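Trainee: I have a structure open on my screen and would like to learn how to read it. Could you walk me through it, one feature at a time?

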Amino acid sequence: MTVLASVLVAVAALLVGGGVGLLLGLRSRSRGGGTSRPRDRRDVPTLAELLQRVFRSAGGGTAVFAPSGDVVLANARATELGVVRDGRPDPRAWAACQQVLADGSPCEVDLSPLEYRARRPTAVVATVRPLGDGFTVVEAADTSEVVRLEATRRDFVANVSHELKTPVGAVGLLAEAVLDAADDPVEVHRFASKILRESTRLGSLVTELIALSRLTGAEKLPELAAVDVDDVVEESLARARLSAEAAGIEITVDDPAGLKVDGDRTLLVTALVNLVENAIAYSPPEASVSVTRRLAGAWIEIAVTDRGIGIAAEHQERVFERFFRVDPARSRATGGTGLGLAIVKHVLANHGGEVRLWSRPGTGSTFTMRLPVRGADVPETDTPELPDPAADAGRAGGST
């Protein structure tokens, strides 16, 4: 075949191919009603844009740092977990980056917040990897739930093994005593009454242990909603009324204030009932307990004041510990478990608040629940002077 013939064959093939392509294109348009059009390539994201979208939507906190320490890329989660603070790397993360650049091997770093803030991540672990040319990537994850569950399991086992053995052992001994005194109705009644008392205390202990384990992370915390402080006070006093009447204690309360907080009503009532019951238990007969509420700047305060034995200064820091009792004999007499104030502390912490104590031996004590005003960010803690019980008595006008 000559060169001219070869060229003619190639041209013919090109014309045939073009015609077939044009025909197929016309058929395709006719099937679509003539409305379809070629997609504009400007509507298609580039690979770089897709990678940036993936980076920003990642579930973990991810940040890329330059050799100079500048933040090259960081998603929103990286800021939430504290990898990036005010546009700069967390000092601990940057120190780990320098270590990685020095030895070339990935490493883990603890970026847990140094200050506790309610309902925020409390445990953060990050992995730092080199990217070459002095760049590093930090990938952080919130491990708060794992840490809480492990701490709860460990504390629960320790608490159960230490505290439950006493009432369980007492019930066993009393049951043996009942068997030995089977022919003496008076003794049987006496021992049976003690068994009932110990079993009641055992039930209360188990209930409060379960409540405390929930508050410290065994279960997901309930969502916060608008709660009327006046309703919390009213329900709490209603639940404590029988205890007050049995002990001959008068409870005085101030007027409704119309205050609201973001919280869980059931938990807040539980906390306030524990404070009121504690005040009743440590007050002498015919004394009074007062409950007051007020707005103090960005905080709402609910104070419970008694005129009881008071708490010495060396014990005031420990009264919120589990099972700590200032007067163990009095706690046994009143059926206390030593968990009430620990529950109050955790309820307030889970609401972004705190509980404070003012006390003077021989004068009385004031426990104050402090909660952020509804809708406000959790404010920084301040140190206002807590009310003196004697002065506070004048603020509580009514009684219940």
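Trainee: Let me begin with Glu-286: is it buried or exposed?

Mentor: We are looking at a predicted model, so treat what follows as computed from that model. A residue counts as exposed when its relative accessible area is over 50%. Glu-286 has 68% relative accessibility, and therefore counts as exposed. You will find Glu-286 in the loop between α9 and β11.

Trainee: What is its phi angle?

Mentor: The general idea is that most residues other than glycine have a negative phi. In this model Glu-286 has a positive phi of about 65°, although it is not a glycine. Asp-86 is another non-glycine residue with a positive value, its phi being near 55°.

Trainee: Where does Asp-86 sit, and is it buried or exposed?

Mentor: Asp-86 is in the loop between β3 (84-85) and β4. Its relative accessibility is 82%, so Asp-86 counts as exposed.

Trainee: Which residue in the loop between α9 and β11 is buried?

Mentor: Have a look at Ser-283, which is placed in the loop between α9 (265-281) and β11 (288-296). The cut-off for buried is under 20% relative accessible area. Ser-283 has 6%, so it counts as buried. Its side chain reaches the backbone oxygen of Ala-279 at 2.6 Å.

Trainee: What does the side chain of Asp-90 reach?

Mentor: The side chain of Asp-90 reaches the backbone nitrogen of Arg-92 at 2.8 Å. Asp-90 lies in the loop between β4 (88-89) and α4 (91-103). With a relative accessible area of 3%, Asp-90 is buried. Setting aside neighbours within four places in sequence, Asp-90 is in contact with Gly-82, Val-83, Arg-85 and Leu-111.

Trainee: Which residue forms a salt bridge with Asp-90?

Mentor: To read a salt bridge, look for a side-chain nitrogen of Lys or Arg within 4 Å of a carboxyl oxygen of Asp or Glu. Here the side chains of Arg-85 and Asp-90 meet in one, at 2.8 Å from N to O. Asp-90 is buried, whereas Arg-85, at 39% relative accessibility, counts as partly exposed.

Trainee: How many salt bridges are there in the whole structure?

Mentor: A search finds 17. One pair to inspect is Arg-77 and Asp-142, at 3.9 Å from N to O. This pair links distant parts of the chain, with Arg-77 in helix α3 (residues 76-80) and Asp-142 in strand β7, 65 residues apart. Arg-77 is partly exposed, with a relative accessible area of 24%, and Asp-142 is partly exposed as well, at 36%.

Trainee: Which residue pairs with Glu-301?

Mentor: Glu-301 forms a salt bridge with Arg-370, and the closest N and O atoms are 3.0 Å apart. Again distant parts of the chain are linked: Glu-301 is in strand β12 and Arg-370 in strand β14, 69 residues apart. Both Glu-301 and Arg-370 are buried. Salt bridges that share partners join Arg-294, Glu-301, Glu-354, Arg-356 and Arg-370 into one network.

Trainee: Now the interior. Which residues have the most contacts inside the largest nonpolar core?

Mentor: For a nonpolar core, follow buried nonpolar residues that are joined through side-chain atoms. The largest one has 41 residues, and Val-276 and Val-291 have the most contacts inside it. Elements that each supply at least two residues include α8 (229-247), β12 (299-306) and β14 (364-372). Helix α9 gives the most, with 10 residues. A second, separate core of 19 residues includes Ala-78, Ala-96, Val-100 and Ala-126.

Trainee: What is Val-138 in contact with?

Mentor: Beyond its neighbours within four places in sequence, Val-138 contacts several residues, among them Ala-63, Val-83, Cys-97 and Ala-126. Val-138 lies in strand β7 (residues 135-142) and counts as buried, at 0% relative accessibility. Val-138 and Ala-63 are 75 residues apart in sequence, yet 5.3 Å apart in space, C-alpha to C-alpha.

Trainee: Which residues make a nonpolar patch on the surface?

Mentor: Val-72, Leu-73, Leu-131 and Phe-135 make a nonpolar surface patch of about 320 Å². Of these, Leu-131 is placed in strand β6 (residues 124-132). As for the protein overall, about 22,600 Å² is exposed, and carbon and sulfur atoms supply 57% of it.

Methods:
Residues numbered from 1 in each chain as written. Predicted model: local features only at pLDDT ≥ 70, side-chain atom pairs only at ≥ 80, totals over all residues. Heavy atoms only, no water. Helix = DSSP H or I, 4+ residues; strand = E, 2+ residues; numbered from the N terminus. Buried < 20%, exposed > 50% of the residue type's maximum accessible area, 1.4 Å probe, protein only. Polar contact = N/O pair within 3.5 Å; in protein donor to acceptor, adjacent residues only side chain to side chain. Contact = heavy atoms within 4.5 Å. Patch = residues over 30% accessible without salt bridge, like charges linked within 9 Å, V, L, I, M, F, W, Y side chains within 5 Å. Areas by Shrake-Rupley, 256 points an atom, 1.4 Å probe, with all protein chains shown as cover. Core = buried A, V, L, I, M, F, W, Y, C linked by side-chain atoms within 4.5 Å.
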